[in-house]
Amino acid sequence: MTLFPPLTLAITQSPPAQPRRPAAAPPSTSPAHHSSFITHHSPIRALLIAEAANPALTSAALVGWQYVRAMGKVADVHIVTELRNRQHFLDHGLIEGQDFTAIDARASQGTAWRIATLLRGGTDLGWTTYAAATTLAYPFFEKALWKQLGPRIQAGEWDLVHRILPLSPVTPSWLSKKLDSIHVPFIVGPLNGGVPWPKAFAHLQKKEGEWMGHLRTFARFLPGAKATRDHASALIVGSRTTLREIHPNHKAKTLFLPENAIDLARFPWQDRPAPVAPLKVAFVGRLVPLKGVDMLLEAAAPLIKTGALQLDIIGDGPERPALQAQAQALGIAQQVALDGWVQHADLSPRLRQSHIFAFPSVREFGGGAVLEAMALGLVPIVLDHGGPVELIPPGTGFSIPVTTRAEIVIAMRHRLELLSADPAPLAAMGLAARAHIEKYYTWENKAAQTQEIYRWVLGRRETKPNWGVPFGFADP
């Protein structure tokens with residue numbers, strides 16, 4: 001019996017004519033790896049690298065965990081992670097040595113954390129600085145991985161190696177050239193990053209402590225950066241920003257597949273009553289400068305004062321006191337819910353009380369919160385920049401042009417005024433948003449999509465997979 005039952009999925013594809021990838025070397029005839037974590041219905045044996053995967057954390061760590069868990073339903077997988085995640089894997093029923101291998105990288109990761117903390121001034125901002133520090137530490141993890149698992153890789157125990165984490169597109173992989181030399185396909189991604197700061201919000205970049213972003217241009221010169229992409233069998237990218245950074249020489253082996261997805265069991269559909277006044281708007285996220293919650297407060301204030309709109313801000317962070325003071329100054333403090341985090345079990349019921357999900361982040365790579373809101377039938381309003389706008393095909397939400405702060409506030413207020421005056425279209429848009437999530441953004445679909453990438457890399461399908469760039473949109 002498996003912990004996660006096998007999936008039977010049919011993914012709709014519209015692949016263009018593409019040259020076939022060279023088939024990998026024939027797999028070893030050694031017995032296939034088996035465990036209680038995986039299913040045995042697929043012959044593809046994959047070694048998954050997810051050094052930060054952890055079900056108890058958020059952001060990339062949680063994405064990595066959910067991704068490897070989903071892949072365990074469609075392929076014969078073995079996971080490689082850091083030792084610090086070992087107990088969490090064990091607590092979820094995985095068997096060390098059989099389902100996963102924990103690599104001791106505490107020395108290099110500890111050093112990276114101390115350096116990043118020093119450079120960030122001890123705050124929880126400036127995550128680019130931490131990413132840069134961990135990029136320098138990552139090769140030590142791969143060296144330890146090869147020392148421990150290299151002989152098994154060389155013996156043909158796995159058909160391919162897939163590095164899911166780190167997500168950063170500038171983190172080199174020492175394994176890429178090594179695996180190419182022994183004819184083991186190496187897949188990197190989903191890679192996501194590099195979203196530029198809008199010029200009108202350079203002051204927020206400074207406030208966020210993201211000074212390291214100015215040095216990103218030099219990341220291409222990191223030792224091993226070019227070799228990683230040259231020797232990889234496939235590059236998976238999670239955004240158009242990252243796709244634009246791919247060198248023309250590598251476009252033929254590049255695929256678009258966002259890293260975020262949804263567990264529909266956590267966001268079950270419930271029929272929603274027709275939207276009526278007052279318009280209810282929600283935000284979920286860290287309360288930090290780049291999230292733009294101050295713009296949302298200013299845009300919504302006139303409607304809140306007339307009773308035409310209610311605003312629910314769910315989250316916490318260093319900007320919360322400033323936002324509370326802003327609401328007080330605008331005369332809407334009593335009408336705005338700004339009371340911090342809610343328990344995750346309470347998040348879906350609370351979000352269902354709203355019609356709109358406003359997410360005016362000025363620099364967002366992925367936008368997992370947007371997917372969660374869409375899964376519940378909320379209609380998103382986002383800025384036309386970065387990852388969130390790529391999740392919202394026509395008919396499922398709205399985007400605001402990124403110009404100046406004042407113009408964004410005016411445009412957002414105008415959109416809220418229109419929807420407040422006529423909320424009727426929101427019902428159909430919410431249904432379309434949910435349908436879009438079900439078609440493209442469940443973890444089951446992501447696993448099946450990735451399985452098709454594996455088949456293409458191994459020469460088991462003729463055409464390169466393509467689900468649209470972005471999903472559900474016409475190809476650019």
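A residue counts as buried when its relative accessible area is under 20%. By that criterion Tyr441 is buried, because its relative accessible area is 1%. The structure in question is a predicted model, and the same kind of reasoning about burial will return below once the fold has been laid out.

The chain contains 15 helices and 13 strands, and buried residues make up 55% of its 476 residues. Among the contacts in the chain with a separation of 6 or more, 74% are accounted for by residues 24 or more positions apart.

Seven of the strands form an open sheet with parallel pairing, in the order β3-β2-β1-β4-β5-β6-β7. Strands β3 (100-103) and β7 (254-256) stand at its edges, and each has a single partner strand, so one side of each is left without a neighbour in the sheet. On average, and with direction ignored, neighbouring strands of this sheet are turned by 20 degrees against each other.

Within this arrangement, strand β1 (residues 45-50) runs parallel to strand β2 (residues 76-82) and is joined to strand β2 by five bridges, with Arg45 standing opposite Asp76 in β2. On the way to the edge, β2 and β3 pair in the parallel sense over four bridges, and Glu82 has Ile103 in β3 as its bridge partner. Although β3 is an edge strand, both of its faces are covered, since Phe100 and Ala102 on one side and Thr101 and Ile103 on the other are all buried, each having under 20% relative accessible area. Helix α1 (residues 59-71) lies across β1, β2, β4 (160-165) and β5 (186-191), and runs at about 150 degrees to β4.

The loop between β1 and α1 holds Glu51, a residue whose surroundings deserve a separate look. Glu51 is buried and yet has no salt bridge, the nearest side chain of opposite charge being that of Arg84, 5.0 Å away. A salt bridge would need a side-chain nitrogen of Lys or Arg within 4 Å of a carboxyl oxygen of Asp or Glu. Leaving aside residues up to four places away in sequence, Glu51 touches Val80, Thr81 and Glu82, together with Asn85, Tyr138, Phe141, Leu165 and Pro166.

The path now leads to the other edge of the sheet and to the aromatic residues. The structure holds 11 aromatic pairs. One of them, formed by Phe256 and Phe471, is edge-to-face, with 5.9 Å from centre to centre and 75 degrees between the planes. This pair links distant parts of the chain, for Phe256 belongs to strand β7 whereas Phe471 lies in the segment after α15 (443-457), 215 residues apart. Phe256 counts as buried because its relative accessibility is 8%, and Phe471 likewise counts as buried, at 0% relative accessibility.

Phe471 also pairs with Tyr441, the residue with which this account began: the centres of the two rings are 5.5 Å apart and their planes stand at 45 degrees, so the pair is tilted. Because Tyr441 lies in the loop between α14 (425-440) and α15, while Phe471 lies in the segment after α15, the pair ties together parts that are 30 residues apart in sequence. Taken further, ring pairs link Phe256, Tyr440, Tyr441, Trp467 and Phe471 into a cluster, and through Phe256 this cluster includes a residue of the edge strand β7.

Technical notes:
Residues are numbered from 1 along each chain as its sequence is written. This is a predicted model: local features need pLDDT of at least 70, side-chain atom pairs count only at pLDDT 80 or more; totals for chains, interfaces and linings use all residues. Side-chain values use heavy atoms; hydrogens and water are left out. Two strands pair if DSSP finds at least two bridges between them. Helices (H or I, at least four residues) and strands (E, at least two) are DSSP runs, numbered from the N terminus. Axes are lines fitted to C-alpha atoms, for helices over the stretch in contact, and angles run from 0 to 180 degrees between N-to-C directions. Contact means heavy atoms within 4.5 Å. Buried means under 20% relative accessible area, exposed over 50%, partly exposed in between (1.4 Å probe, protein chains only). Lys and Arg count as positive and Asp and Glu as negative; His and the chain ends are not counted. Rings of Phe, Tyr and Trp (its six-membered ring) pair if their centres lie within 6.5 Å; planes under 30 degrees apart count as stacked, over 60 as edge-to-face and the rest as tilted.
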